[in-house]
Structure formats: C-alpha cells, structure tokens
Amino acid sequence: MLLDNDAFLTHLNRLFTQSKGGGSLFITMKRCNVLIIIDMSIDDGRTKPTPRTRKQVTEPHPSAENSCLFRATLGSQKISTVVHQKDMNRFNQAYSNLLKANIDGLKKRDKRVKAPAPKPVRSKAEKG
Amino acid sequence: MTNFNSWEEFAKAAEVLYLVDPLKYRHVDRKLSIKVTDNHIVLKYVTDMAQDVKKMEKFVSLLMRHMCSKEK
C-alpha cells in the first residue's frame with residue numbers, strides 16, 4: 001500500500017522489529033517519474049496500472065519531476081512511498097537514522113581481517 | 001552476476017550503474033546484502049559487519065540524491 005513518507009518510516013520501523021523474529025526485510029528504491037505517481041495516488045479503486053502511452057515512454061513529461069519510489073517487503077507485508085525532491089532532505093535524514101538504529105545484528109569487527117595492532121614504539125637501544 | 005568483496009569497488013561500480021537497489025536484511029542470519037541491478041547486470045555485496053552499515057547508508061543516501069536530481 002502506498003503511504004506518505006512519515007507513515008512509511010513508522011511502518012518500516014515496525015517491520016524491522018518484526019524481522020528480528022525471523023525472515024528477511026527487503027527495501028527497494030528506484031527512480032520514478034511524477035506522472036506515474038499521480039496515477040497511483042488517486043485512490044479510485046483501480047487495481048491495474050494505467051497503460052502508458054507510447055508518447056510518455058519516448059519523451060518525459062515536461063513538468064515531470066524525478067522522484068524516488070521506496071518499497072519495503074517483509075514476507076507478505078508490502079509498503080511503499082514516493083519521495084519528492086522537496087521532501088528529500090528530511091526523509092534522507094530520518095531514513096539514515098532508522099537504518100543505523102535498526103541494522104544492529106552484525107559483527108562489531110571482522111574476525112577474519114585482523115587490523116594490525118598498534119605496536120608500541122621502541123627505540124633500538126631499548127631492545128639491547 | 002558479480003559478487004564484490006570490497007565495499008569500495010562495489011560502490012564505485014554501483015554508482016556507474018545505479019538504477020534499482022534492493023537492500024536485504026536478515027537479522028537471524030546476521031547478514032546484510034545489497035544489490036544493484038538494471039536487469040542486465042547485477043552487482044551484489046553481502047556483509048556481516050557493523051562497520052559496513054554506515055557505508056551502506058551513505059551510499060543509499062547518495063543514490064537517493066541522484067534519483068531526485070534534475071538531470072537524466
């Protein structure tokens with residue numbers, strides 16, 4: 001379901017919490033044009049996408065602005081949102097914080113690649 | 001299908017390609033994988049380290065800005 005940005009973030013947080021119990025969480029982002037969004041945001045009970053005319057495919061609409069479509073899936077639950085240019089900064093901040101806060105189940109340091117331990121600097125005279 | 005071992009290589013290649021990127025997180029396996037594809041070429045990076053989260057998050061923000069920018 002298409003949500004607005006804030007609702008999406010809240011929901012995504014919930015999905016992250018659920019994913020702790022198992023399952024994978026997918027987050028997909030892709031560029032999309034505002035034309036498609038207009039069709040999606042009108043809730044007229046349409047279940048199929050409106051077919052794009054050839055003209056739209058070949059030449060982008062002059063007033064179309066680039067925006068970013070986000071989808072998140074956990075099992076059968078799907079949410080999505082569209083981020084416009086003007087909301088980008090705010091969303092970016094919130095989204096980054098959310099990722100950093102939630103992806104915490106990873107190793108703190110790689111065991112395989114050992115960082116060289118800082119050696120105490122000794123002068124040759126000390127070694128004798 | 002290209003699997004990367006170093007984040008830097010991956011990020012460079014992905015920025016050239018960027019189109020779609022699914023981000024997959026499995027808390028149970030303690031793994032995070034990120035994939036960038038244009039339906040012909042697939043670039044993947046799988047990690048289990050916390051230090052990559054920050055890099056990944058920076059990279060995702062970069063892509064977001066790319067996508068919203070005016071130029072094609």
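Chain A exposes an accessible surface of about 8800 Å², and carbon and sulfur atoms account for 54% of that area. The model is predicted. In chain A, 35% of the 128 residues are buried. Its fold uses five helices and four strands. From the N terminus on, these elements run β-α-β-α-α-β-β-α-α. Take the contacts in chain A with a separation of 6 or more: 73% of them come from residues 24 or more positions apart.

Now turn to chain B. Its accessible surface comes to about 3900 Å², with 54% belonging to carbon and sulfur atoms. Of its 72 residues, 50% count as buried. Chain B has two helices and four strands, and along the sequence they follow the pattern β-α-β-β-β-α. Among its contacts between residues at least 6 apart in sequence, 49% join residues at least 24 apart.

Where do the two chains meet in the interior? The largest nonpolar core has 36 residues. Elements of both chains give two or more residues to this core. From chain A come α1 (5-19), β2 (24-33), β3 (66-74), β4 (77-83) and α4 (88-102). From chain B come β3 (31-37), β4 (42-47) and α2 (51-68). The largest share, eight residues, is supplied by α2(B). The residues with the most contacts inside the core are A:Phe8, A:Leu12, A:Ile27, A:Phe70 and A:Tyr95.

Follow A:Tyr95 as an example. Setting aside neighbours within four places in sequence, A:Tyr95 is in contact with A:Leu9, A:Leu12, A:Ile27 and A:Phe70. A:Tyr95 also contacts B:Val60 and B:Met64 in the other chain.

A:Tyr95 is one of the buried residues of α4(A). The others are A:Met88, A:Phe91, A:Asn92, A:Ser96, A:Leu98, A:Leu99 and A:Asn102. Seen down the helix axis, the buried residues of α4(A) fall within an arc of 165°, so they line one face. The general rule is simple: an α-helix has 3.6 residues a turn, so residues three or four places apart point the same way. On the face of α4(A) turned away from the buried side sit the exposed residues A:Arg90, A:Gln93 and A:Ala101. The length of α4(A) also fits expectation. At 1.5 Å a residue, its 15 residues should span 21 Å, and its end C-alpha atoms are 21 Å apart, which agrees.

Just ahead of this helix comes a loop. A:Gln85 is found there, between β4 and α4 of chain A. Is A:Gln85 buried, exposed or partly exposed? A:Gln85 has a relative accessible area of 29%, so it is partly exposed; the buried class ends at 20% and the exposed class begins over 50%. A:Gln85 and A:Ser67 are 18 residues apart in sequence, yet their C-alpha atoms are 6.1 Å apart in space.

Finish with the hairpin in chain B. β3(B) and β4(B) pair in the antiparallel sense over six bridges. In this pairing, B:Leu32 stands opposite B:Thr47 of β4(B). Four residues lie between the strands of the hairpin, where B:Asn39 takes a positive phi near 70°. β4(B) has two faces. B:Leu43, B:Tyr45 and B:Thr47 form the covered face. B:Val42, B:Lys44 and B:Val46 form the uncovered one. Both strands of this hairpin also give residues to the core described above.

Technical notes
Residues numbered from 1 in each chain as written. Chains lettered and ligands numbered in written order. Predicted model: local features only at pLDDT ≥ 70, side-chain atom pairs only at ≥ 80, totals over all residues. Heavy atoms only, no water. Core = buried A, V, L, I, M, F, W, Y, C linked by side-chain atoms within 4.5 Å. Buried < 20%, exposed > 50% of the residue type's maximum accessible area, 1.4 Å probe, protein only. Contact = heavy atoms within 4.5 Å. Areas by Shrake-Rupley, 256 points an atom, 1.4 Å probe, with all protein chains shown as cover. Expected span 1.5 Å × (residues − 1). Arc of directions from axis to C-beta. Pairing = 2+ DSSP bridges.
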